[in-house]
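Colleague: Before we look at this together, could you explain the reasoning behind the labels you use, taking them one at a time?

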Amino acid sequence: MKVASAILVLAAGLCFNVACSKEKEIETSPQAAIGSFTLGYYDVLTNEINYLGHDTVIRVREHGVMYPMTIDNLNNRIFNTDSLAYGSDVSSVTCNIMAKGTVVYEYMDEPGTGYLYSATSPIDFSRPMEFTVVSSDGSYLRRYEFELNVHQVFPDSLRWRHTGAPALASPQLAVMADTLYLLGTDGTGNASVATCLSGTGLWTDTSPADGLTGQPKSVMTLDGTLFANCGESIFSSTDGHIWIKIRDGVKVLYTPTRELQNTAFQIWMLGTDGKLYHSTDMQTWTQSQELPALFPDSAASAVYSTLRTNHDLQRTVISGPVQKDGHTLLWNRLSNDTVWTEISVPEKGEYNLPVTDNLKIIEYDGSLFAIGSGFNGFYQSNDNGITWYFCKRHSYDWSTYNRFMQMPDGLKGVRQPFACVTDNNGGIWIVTSDGQSWYGSIIRLHKTNS
């Protein structure tokens, strides 16, 4: 019902009360307030790709009860803290309002015209609006600012930003606090370093990494200190520019692809004597076992994580350029285990991690993700590396993987050596040896402004 203003609604209500008072006295009240507000059903539009490979749009029906509205009667505001899904069509939606008094709404782009609320009449929530409640005795009127928040981007989609980076051979990446450190060798073969403030994508020019000798193999951060494996030695640094050798006889340092601040983690390395060692401070190393057959003994990728079910236990998953029966071989060890265990793979080969050059595994958004040279896409594992699913843009049936984890077009097909880490702001960094820097983040995880 359209009326000239909220006052007309009040006048109509008073006339009605007078007309009926002869038959039955109507009890009135000076109270005017909205007690509850619930959206009805609406459609969520999702862009999809059909079986012919053509773009299409799917409408998914949702109910507003999944997104509670907050009613602030102190400041006269109604809003939702949990935004509706991206693509929600709220241009014609009913709602259920429980209030003391008569409810009228008004569109801000149509001033002076009020509409009488009805639970069966749809409202265009895509337009700025406010609600007004008039007490039944006509003595009080309360106006509510109304805000219906809808995600402007799909919260699970991975958005990428591209910038330039110094071109360094054998690039290695580490994150310490809010700074990224890029380590590699310049055109003369000397170790060099460049830095970038996380979230900016702006890299400094390279400068010599004094004290580093040998080919950089990996770099990591533990408890506020950088550690690099160059040649057959481990070096430490507090700023990435001045390095000190702390150990020789190292063939492989199995470095994580994120910053570690918990010194309870056992960091693993392979000595030139063919034995595996672990340490919690990178200074004192304890021999563990002889190198198992098929265990990665060259460039490898490691994930160090704490068990969700027991925070006193840590899990390490290691992969490398080792294959078995046509798939990449991975190894697993808990902090209370005595030996490393080869991860058993499912019989169906489609769920195994394929062999990929320059394989990197990261822990991100509660899952493991694997990428390799060529950047054809992400492989995702939700069971600590046992089964892997390729993150296809379209799935013909229900799937556990995030289909919105997609590579940027500018990286697809690139086969340059690269480094990959995750930062503390919910982002993924990929830097290639030819000077490409890509920063990707899932919208709901990102903690800094784009």
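Modeller: Let us start with Arg143, which is partly exposed because its relative accessible area is 41%, and that value lies between the cut-offs of under 20% for buried and over 50% for exposed. Please keep in mind that this is a predicted model.

Colleague: Why is Glu130 called buried?

Modeller: Glu130 has a relative accessibility of 17%, and since buried means under 20%, the label follows.

Colleague: What makes the contact between Arg143 and Glu130 a salt bridge?

Modeller: The closest N and O atoms of Arg143 and Glu130 are 3.3 Å apart, and a salt bridge asks for a side-chain nitrogen of Lys or Arg within 4 Å of a carboxyl oxygen of Asp or Glu, so the pair qualifies. Arg143 sits in strand E12 and Glu130 in strand E11, 13 residues apart, so that distant parts of the chain are linked. In total, the structure holds 13 salt bridges.

Colleague: How do you know that Glu342 and Lys324 form a salt bridge, and why are both called partly exposed?

Modeller: Their side chains meet at 2.8 Å, N to O, which is again within 4 Å. This pair also links distant parts of the chain, with Glu342 in strand E29 and Lys324 in strand E27, 18 residues apart. Glu342 has a relative accessible area of 28% and Lys324 has a relative accessibility of 30%, and partly exposed is the range between the 20% and 50% limits, so the label fits each residue.

Colleague: Why does Ser236 count as buried, and which residues is Ser236 in contact with?

Modeller: Ser236, which lies in strand E20, has a relative accessibility of 14%, and because that is under 20%, Ser236 counts as buried. Leaving aside neighbours within four places in sequence, its contacts include Phe227, Trp243 and Ile244.

Colleague: What makes strand E14 and strand E17 edge strands?

Modeller: Each of them pairs on one side only, in an open sheet of four strands with the order E14-E15-E16-E17 and antiparallel pairing.

Colleague: How do you know that E16 and E17 pair?

Modeller: E16 and E17 are joined over two bridges in the antiparallel sense, and pairing needs at least two bridges, so the condition is met. In one of these strands, E17, Ser207 is the bridge partner of Val193.

Colleague: Which residues touch the most other members of the largest nonpolar core?

Modeller: Those are Phe37, Phe125, Phe131 and Phe146, out of 29 residues in that core. A second, separate core has 26 residues, among them Met220 and Leu329.

Terms used: Residues numbered from 1 in each chain as written. Predicted model: local features only at pLDDT ≥ 70, side-chain atom pairs only at ≥ 80, totals over all residues. Heavy atoms only, no water. Core = buried A, V, L, I, M, F, W, Y, C linked by side-chain atoms within 4.5 Å. Buried < 20%, exposed > 50% of the residue type's maximum accessible area, 1.4 Å probe, protein only. Contact = heavy atoms within 4.5 Å.
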